[in-house]
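Dear colleague,

Please find below the sequence and structure that I am handing over to you. My notes on what was found follow directly after.

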Amino acid sequence: MAADVWTPVISMAGVAVGGALTYLTQRTTQRTADLAEQRRRAAALTEERRAEQIATLLEFIRCALEAEGVAHARPSQWEVGDDWYVTARPAMDGLRIAEGGVELLCAPGMRTPTTAYARALNQAVWQERGEESLAERLEPFKAEYLATARRSLT
C-alpha cells in the first residue's frame, strides 16, 4: 500500500513543481518584456524631445537671421509706422518668441547664450550703429550660441 500512496504523491509534487516553474518563467518573461517596452518608450521620448529641441534651436536661428537682415536694412532715420519698422517689429517679436521656446524646451545651459544673442540683435536693430560692423558686433554672440547648442545636442 505504501507504493500505491507514494506514486500519486510524487506525481502531484511533479505537477506542482512544473506549474511553479511555468509560472516563474512566464512572470520573468513578462517582466523582461515590460522592461524592454519601458526602455523603448523612454528612448522614443528622448528622441522626440531631441527632435523638438533641434526644431526650436533652428527656429531661433531662423528668427535671428531675419532680425540680422532687418538690422542690416536699418535706415539712419526711421519712425514708428514706416516701412522698415513694419518689417522690424514682427521680426523682433518672432525672435523673442523663439527665445522663449529655447528657454522652455532646451537645456538650461542654452538660456544665457540665447538671451545674450537676442539682446545683441535687439541692440543692433533698434540702437544706433557704432564704429564696428554689424557682423563684428554679433559674431561672438552667434558663435557662443551655436557652440552651446551643438554641445547641448550631444
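The bend of a helix at a residue is taken here as the angle between two axes, one fitted to the seven residues ending at that residue and the other to the seven starting there. In this predicted model, helix α4 bends by about 30° at P140.

Helix α4 covers residues 134-152, which is 19 residues. At 1.5 Å a residue it should span 27 Å, and its end C-alpha atoms are indeed 27 Å apart, so the expected and modelled values agree. The buried residues of α4 are L134, R137, L138, K142, Y145, T148 and A149.

T148 deserves a separate note. This residue of α4 has a relative accessible area of 9% and is therefore classed as buried, the cut-off being under 20%. Its side chain forms a polar contact with the side chain of R151, at 3.2 Å. Apart from neighbours within four places in sequence, T148 is in contact with G109, M110 and P113.

Turning to the interior, the largest nonpolar core contains 28 residues, of which F60, L95 and V125 touch the most other members. Helices α1 (2-72), α2 (83-105), α3 (111-126) and α4 each supply at least two residues of this core, and α2 gives the most, with eight. In soluble globular proteins, nonpolar side chains tend to be buried together. With neighbours within four places in sequence left aside, L95 is in contact with F60, C63, A64, A67, A118 and L121.

With kind regards

Conventions: Residues are numbered from 1 along each chain as its sequence is written. This is a predicted model: local features need pLDDT of at least 70, side-chain atom pairs count only at pLDDT 80 or more; totals for chains, interfaces and linings use all residues. Side-chain values use heavy atoms; hydrogens and water are left out. Helices (H or I, at least four residues) and strands (E, at least two) are DSSP runs, numbered from the N terminus. The expected span of a helix is 1.5 Å times one less than its number of residues. Buried means under 20% relative accessible area, exposed over 50%, partly exposed in between (1.4 Å probe, protein chains only). A polar contact is a pair of N or O atoms within 3.5 Å; within protein, one must be able to donate a hydrogen and the other to accept it, and residues adjacent in sequence count only if both atoms are side-chain atoms. Contact means heavy atoms within 4.5 Å. A nonpolar core is a set of buried Ala, Val, Leu, Ile, Met, Phe, Trp, Tyr and Cys residues joined through side-chain atoms within 4.5 Å.
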